[in-house]
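The following note was prepared for a colleague who wishes to examine how the chains meet and how the protein meets the DNA. It is set out as numbered points.

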2 protein chains.
Amino acid sequence: MTMDERKQKILESIVLDYVETAEPVGSRAMVKKHGLKISAATVRNEMADLEDMGYLEQPHTSAGRIPSQKGFRYFVDCMMESQELSEQEIDLLYQMAKNNVKDWDEVISGIAQFLSQITHYTSFIIMPAVHTSQFRFLQLVPLEKGRAVILLVTDTGLIMHRKIEIPESITPEELATIAEVLNRTFSAKKMGEITRSDLQTIRNDLNKRKKVMEVTLEAIDSLLESSSGERVVVSGLINLLKEPEFRDLDKLKRIIALLEEDVVLRSIVPNEVSDQVDILIGNENPLQDMKDLSMVFTGYKSFGELGKIGLIGPVRMEYWKATGTIEAVRSIVQEIIQKYY
Amino acid sequence: MTMDERKQKILESIVLDYVETAEPVGSRAMVKKHGLKISAATVRNEMADLEDMGYLEQPHTSAGRIPSQKGFRYFVDCMMESQELSEQEIDLLYQMAKNNVKDWDEVISGIAQFLSQITHYTSFIIMPAVHTSQFRFLQLVPLEKGRAVILLVTDTGLIMHRKIEIPESITPEELATIAEVLNRTFSAKKMGEITRSDLQTIRNDLNKRKKVMEVTLEAIDSLLESSSGERVVVSGLINLLKEPEFRDLDKLKRIIALLEEDVVLRSIVPNEVSDQVDILIGNENPLQDMKDLSMVFTGYKSFGELGKIGLIGPVRMEYWKATGTIEAVRSIVQEIIQKYY
DNA sequence: GTTAGCACTCTCTTCTGTTGAGTGCTAACT
DNA sequence: AGTTAGCACTCAACAGAAGAGAGTGCTAAC
C-alpha cells in the first residue's frame, strides 16, 4: 500500500478538519465540506487504508477518523507550509519589542505574551545561564560614605552590579587600586572556573584592605552564583484551558503542574537546539504526561549562550501558524539582542 | 435573636468542617464529629437561627448548611486566631530568602513560590514602581573603547545600569566631567519630575560633548521610563485547580484569565494597603468574577514605595493559616530589603 | 476502480426510579 | 422554656434503560 496523491489529499483534509473542530472526521461530512469529486464510500476505503498504514485512528468503531501522531508527523514533514505572520502582526511585534528595550526581563515577558496572544497557545522562553562567559572587567564605584557599587562585566557584554558596604575610611583611590588588583587576578578566567577556593586563596594572599576585599569577594561570589540561573517565563496558560482535549481536570492539573515548574520545563526542551524551528509531537516528548501536547520551539543566542523560545499546545495544533510565529519572533529577538545588548 | 456562645461554637464548627471538606455540614454528622454535648435537633434549631441571622446558608432544602460570606466574615473578625508558621517553615523561608539575595527578581519569585507551596493557595507579589524616588547620583564608567556604563542611583538606594555607546575619542576624565554636570543638574529632583522636556532643555544647552550627552540622556530617559513599571508575580495557579469549587471549567477560565493579566491583578488589590494583613472575602472583592475568591494580603515598603504580597484562594479558605504565613513573609521581605537593598 | 445501499455498532442524551442524607415540625420530656 | 426523639418530606446524586444519530464495513451493482 502506498501513499498516493489522493490519500495525501484526504489525510490533509482530515488533519485540517480535526485541527479546527477537535471532532473525529466522518467520510460523508468530509466529502461535503471539501467538495471532493469522489464519493463517501471511496473515501471510506482510502481511510481504511490510511488507518492500516498508521496515519489515522478511530476513537471507537462507529466514530469518524482522527489523525494519529504519525499522521500529524507526516503532515508536518511532507505537506505543511509554514504560514508567515501578517504585516500587522510583525508591526505589532516590532513596536512592542522596541518600546521596551529598557529591561531585558520585560522584553522577554512581553514577547512571551505576544506569542501566546497571537497563536492562542502557551508560550515559554528559557533565558540561558551565563556561567561560562569570561570575566572581563570589574569596577568599584563609591557611593555615599561607607557604600560602594561593584560593577562586573563579562566578555559577552553582560553587566551586573551590586551594592556593598565598605569601611568609611577607604578613599576612592584605594577602591580603584583594589579593583585593579582583582582585575589582574581574574583577567581572562572563565567565570565558571572562578571557584570559591580561588576566592579563598585570594582572601588569604592579600591582607591589606582586608575588609573591602572581603566584601567585594563576597559580592563577586554571589554574583557568580546568581549568574548560573536560567530564567523561565511561561505565558498564556489559559489557552490550554480552552482546548477541548483538556476538559479532563486531572490531565489538566498534571500539565499545569508541569509547566509551573521551571525545572521541569527546562528538562523537557532538548538541550541541543538549532536555529531551525523544531517540532515535537505528542509521544515524541520525553515526558509521559506530555503525550497529549506538542511543542514547537527554536533556539536563540544570547550573551554567547543558548536560549529557547517555544509554543506548547495540543497535538491537534495549527503547526503552520506556530512555526511561522516562532520563526518571526526568533529573528526579532536575535535582532534586539544584537542591537541593544 | 442574639449571637450567644453556643451559636458561636456551632458556627465555628461549621466553618472548620466546611473548610476541610467543602461539603455542606449536617446537624447529625456535626454533633458526632465534634463531640458536642447537645443533640442534633437542638443544633438544627440553632442552625435555623444562624441562617435567619445570615451567617449560614443552604445550597438546597435537603442539604446541610454552609457558612455564608457574612459567616466567614464573622468568623474571621471575631473568632479566628492567626496561626503562626512552624519553626521549620520559618527556617526554610529564611534559608531560601537569604541564599538568593543576589537578584531581587529571584528573591521575589522564590518567596511567591514559597507562599503558594506552604499554603496551597495562589500567591501574588506586586513590586512597586519607583518613579517618585529622588535622583541622587550618576556615574559613567568607561568600558572598552567606545563603550561605557551609566550607573544611576536614587536616594532610595535603587541602582540601575545600562550600557551606552560613546565616541572613541572621549577620555575617562571627560566622562567624569559630563557625569558631574549631569549630577549638578538633576540633583535633588524628583525622578518623576525629570520630564522629557527637561532632557530636551539640557540637550540644547550643552553643545560640548554633544554625542556623549545625547547618548547618556537617552539612557537616563529610558531608565526613568523603565522604572515606572510595576512588576507582578503570580505563583501556584495550579492550587486553584485543586479546589472543588473550581471544577466548573468556565468559572476557572475566567479566574485564570484574571490572574494571568498583570493589569487586572494590580487593579484588584486596593491601592491603599497598610502593613496589617487584610482580608477580602468573596463579594467584598471589586470584581464580579472574583465573587468565589478570597484574598489575604498586606503591604510592604520597598525603595520608599508600596508593594503588595497576598494569597488568593476559595472563600472556603484556611484564613488562619493564610494570615500567619503572609505576616511571616511580610516581615522577612521587609528585613531583606532593609539589609540588602 | 468506484459507488449506492443497508445492517450494524457505539456514543451521547434523556428519562425514570431509587437511594440516602438532611431538614422542619410536632409532641413529649426535663 | 429549653431540649430531645420521632417521623414525614425534600431534593441531589446515581444507575439503568431507551432512543436517536452519526458513522462504519461489507456486498453487490455500475
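1. In this predicted model, about 3,600 Å² is buried between chain A and chain B, and carbon and sulfur atoms give 59% of that area. The contact draws on 41 residues from chain A and 41 residues from chain B.

2. Which elements of chain A give two or more residues to the side that touches chain B? The helices are H6 (104-119), H9 (210-226), H10 (238-242) and H11 (249-260) of chain A, and the strands are E4 (135-142), E5 (147-154), E6 (159-165) and E7 (231-235) of chain A. The largest share, six residues, is that of H11(A).

3. By class, the side of chain A that touches chain B consists of 18 nonpolar, eight polar and 15 charged residues. Although charged residues are present there, the count of salt bridges between chain A and chain B is zero. For polar contacts, the rule finds five residue pairs across this interface, with both residues at pLDDT 80 or more.

4. How are the two chains related? A turn of 180 degrees with a shift of 0.2 Å along the axis lays chain A on chain B with an RMSD of 0.3 Å. The two copies are therefore related as by a two-fold rotation axis. Within chain A, His161(A) has the C-alpha nearest the axis, at 3.9 Å from it. The same surface serves both copies, since 100% of the contact residues of chain A recur in chain B.

5. The DNA may be considered next. Around DNA strand D there are 20 residues, of which Ser27(A), Arg6(B), Ser39(B), Thr42(B) and Ser62(B) come nearest. By class, this surface has four nonpolar, 12 polar and four charged residues. The elements that give it two or more residues are helix H3 (40-52) of chain A and helix H3 (40-53) of chain B; the largest share, four residues, comes from H3(B).

6. Which parts of DNA strand D lie within 4 Å of the protein? Of the strand's atoms within that distance, 77% belong to sugar or phosphate, and the rest belong to bases.

7. Side chains of chain B illustrate the individual approaches. An N or O atom in the side chain of Ser62(B) is 3.0 Å from a sugar or linking oxygen of DNA strand D. For Thr61(B), a side-chain N or O atom is 3.3 Å from a phosphate oxygen of the strand. A base oxygen is approached as well: an N or O atom in the side chain of Arg44(B) is 3.5 Å from one in DNA strand D.

Technical notes:
Residues are numbered from 1 along each chain as its sequence is written. Chains are lettered from A and ligands numbered from 1 in the order in which they are written. This is a predicted model: local features need pLDDT of at least 70, side-chain atom pairs count only at pLDDT 80 or more; totals for chains, interfaces and linings use all residues. Side-chain values use heavy atoms; hydrogens and water are left out. Contact means heavy atoms within 4.5 Å. Buried area is the accessible area (1.4 Å probe) that two parts lose on being put together, summed over both. A salt bridge is a side-chain nitrogen of Lys or Arg within 4 Å of a carboxyl oxygen of Asp or Glu. A polar contact is a pair of N or O atoms within 3.5 Å; within protein, one must be able to donate a hydrogen and the other to accept it, and residues adjacent in sequence count only if both atoms are side-chain atoms. Ala, Val, Leu, Ile, Met, Phe, Trp, Tyr, Cys and Pro count as nonpolar, Asp, Glu, Lys and Arg as charged, and the others, Gly among them, as polar. A residue is near a molecule or strand if one of its heavy atoms lies within 4 Å of it. Copies are superposed by least squares on the C-alpha atoms of residues with pLDDT of at least 70 in both.
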